[in-house]
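Work through the exercises below with the sequence and the coordinates open. Try each task before reading its solution.

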Amino acid sequence: MIIKADAVGIARAAGILAGGGLVAFPTETVYGLGALASDADAVARVYRVKGRPFRNPLITHLPDTDSARALAGSGWNQMAEDLANEFWPGPLTLILPRGAGLADAVTAGGPTMAVRVPDHPVARSLLQACGRPVVAPSANPSGRLSPTLAEHVEADLGDLVDLILDGGPCQAGVESTVVDVTVSPPRLLRPGPIPPGKLEKLLGELAMGPGAEAIARSPGLDKRHYSPRTRMVVAPSGKAAKSRVGAARARGRLARWISFGLPGADVVLPGDPAGAEQGLFAALHRMDDLGLDLIVVVLPPEGPDWLAVRDRLERASGG
Ligand code: TXA
Ligand code: MG
């Protein structure tokens, strides 16, 4: 059931979480599927509801940096301190040595954990009211597009969750940037709303991508796909997209194309990375609802600031 994320709704949601239930709630990136991180049954249900492989660990969400420091204990380090000071609350997830009190399944049994302090008034109030660490993977079936509206969660998970808190559209629109600070140099495991240049400025050196060792430790990091149901392909230019769509239509297929700032497309998303990130999943969800045969997306420019959009397009189109 969807309810408004006002004070009453948040109090009710906190009660459900505390009782071991599942609540979908908005964050600044995408909607998350929340459960108490200490509750093995609730965490197991998160995996079941999403159809998520048990080898893919979850992110633990906290209301503020102090709680994250406390959870990490002696595993907290200077890199974590610097990144937290600069980017929390915000769309950054840190990989740290595993803290105490988490159900085994949260870390997929591994020695590290992912933590983040989201920057959304509803998420923060809910986490504060709950008073305990909360896991929250994106609230979508495993392998599908992340939700940026409460309606996306309702359509994809519906009655499988105990409550959906509606806080309107997510502002960032793609999942958080994930940085592993247990290794030296630190490693960017998932590109997200924070441009890599900003991380490098703070950290000095930053290794790119999961790397073989990290994938062996956390198999959820390999090139997994998060796709619309509709077949989707990328095109190198507007011209290429138009001819691909034209060819499909000539065969009687329903096809649409999306561009980033290029006029003439069926959907023109903003031509800047932050605007494109914000609108991307919502546009793909809308296209998915049209019952098309093909979605064609024009690739955005090269360059580090477009890394998150390119990564999600690559995943959505199957590489
Ligand atoms: O923006 C976000 O991060 C959203 C919102 C709801 O907070 N959550 C989210 O969770 O995207 P999820 O489960 O869809 O993605 C979690 C990512 C996965 O790529 C997982 O492999 C990685 O974090 N991860 C979790 N724990 C890890 C660990 N210990 N080591 C390496 N990667 C980890
Ligand atoms: Mg996800």
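**Exercise 1. Helix pairs**

Task: Determine the handedness with which α1 passes α5, then classify the angle between these helices.

Solution. Start with the handedness: α1 passes α5 in a right-handed crossing. The model is a predicted one. Next, take the geometry. Helix α1 covers residues 7-18 and helix α5 covers residues 121-130. Their axes come within 9 Å and cross at roughly 50°. Now classify. An angle under 35 degrees would count as roughly parallel, and 65 to 115 as roughly perpendicular. The pair α1 and α5 is therefore oblique.

Task: Repeat the analysis for α4 and α7.

Solution. Helix α7 spans residues 196-203. The axes of α4 and α7 come within 10 Å, with a crossing angle of roughly 130°. Roughly antiparallel would need an angle over 145 degrees. So α4 and α7 are oblique to each other. Their crossing is right-handed.

Task: Find the angle and the axis distance for α10 and α11, and classify the pair.

Solution. Locate the helices: α10 is residues 273-288, α11 is residues 307-316. They pack at an angle of about 30°, and their axes are 9 Å apart. That angle makes α10 roughly parallel to α11. Finish with the handedness: α10 and α11 cross in a left-handed sense.

**Exercise 2. The surroundings of ligand 1**

Task: Which residues come nearest to ligand 1?

Solution. The shell holds 26 residues. Nearest are T29, R52, N56, H61 and S176. Now check the side chains for polar contacts, with 3.5 Å as the cut-off.

- T29: a side-chain N or O atom is 2.6 Å from an oxygen atom of ligand 1.
- H61: a polar side-chain atom sits 2.7 Å from an oxygen atom of the ligand.
- S176: the distance from a polar side-chain atom to a ligand oxygen atom is 2.6 Å.

Then turn to coverage. On its own, ligand 1 has 680 Å² of accessible area, and the protein covers 96% of that.

Task: Which elements give two or more residues to the shell around ligand 1, and which gives the largest share?

Solution. The elements are strands β4 (59-61), β6 (112-116) and β10 (187-190). The largest share comes from β6, with four residues. Last, sort the shell by class: twelve residues are nonpolar, ten are polar and four are charged.

**Exercise 3. Backbone exceptions**

Task: Where are the cis peptide bonds that precede P89 and P185, and what are their omega values?

Solution. Recall the usual case first. Most peptide bonds are trans, and most residues other than glycine have a negative phi. Now go to P89. A cis bond joins W88 and P89, with omega about -5°. P89 sits in the loop between α4 (78-87) and β5 (92-97). Move on to P185. The bond from S184 to P185 is cis, and its omega is near -5°. This proline lies in the loop between β9 (177-180) and β10.

Task: Is the phi of A108 positive or negative?

Solution. The phi of A108 is positive, at about 55°, although A108 is not a glycine. Place the residue: A108 belongs to the loop between β5 and β6.

Conventions
Residues numbered from 1 in each chain as written. Chains lettered and ligands numbered in written order. Predicted model: local features only at pLDDT ≥ 70, side-chain atom pairs only at ≥ 80, totals over all residues. Heavy atoms only, no water. Near = heavy atom within 4 Å. Polar contact = N/O pair within 3.5 Å; in protein donor to acceptor, adjacent residues only side chain to side chain. Areas by Shrake-Rupley, 256 points an atom, 1.4 Å probe, with all protein chains shown as cover. Nonpolar A, V, L, I, M, F, W, Y, C, P; charged D, E, K, R; others polar. Axes fitted to C-alpha atoms, helices over the stretch in contact; angles between N-to-C directions. Left-handed = near helix turned anticlockwise from the far one by under 90°.
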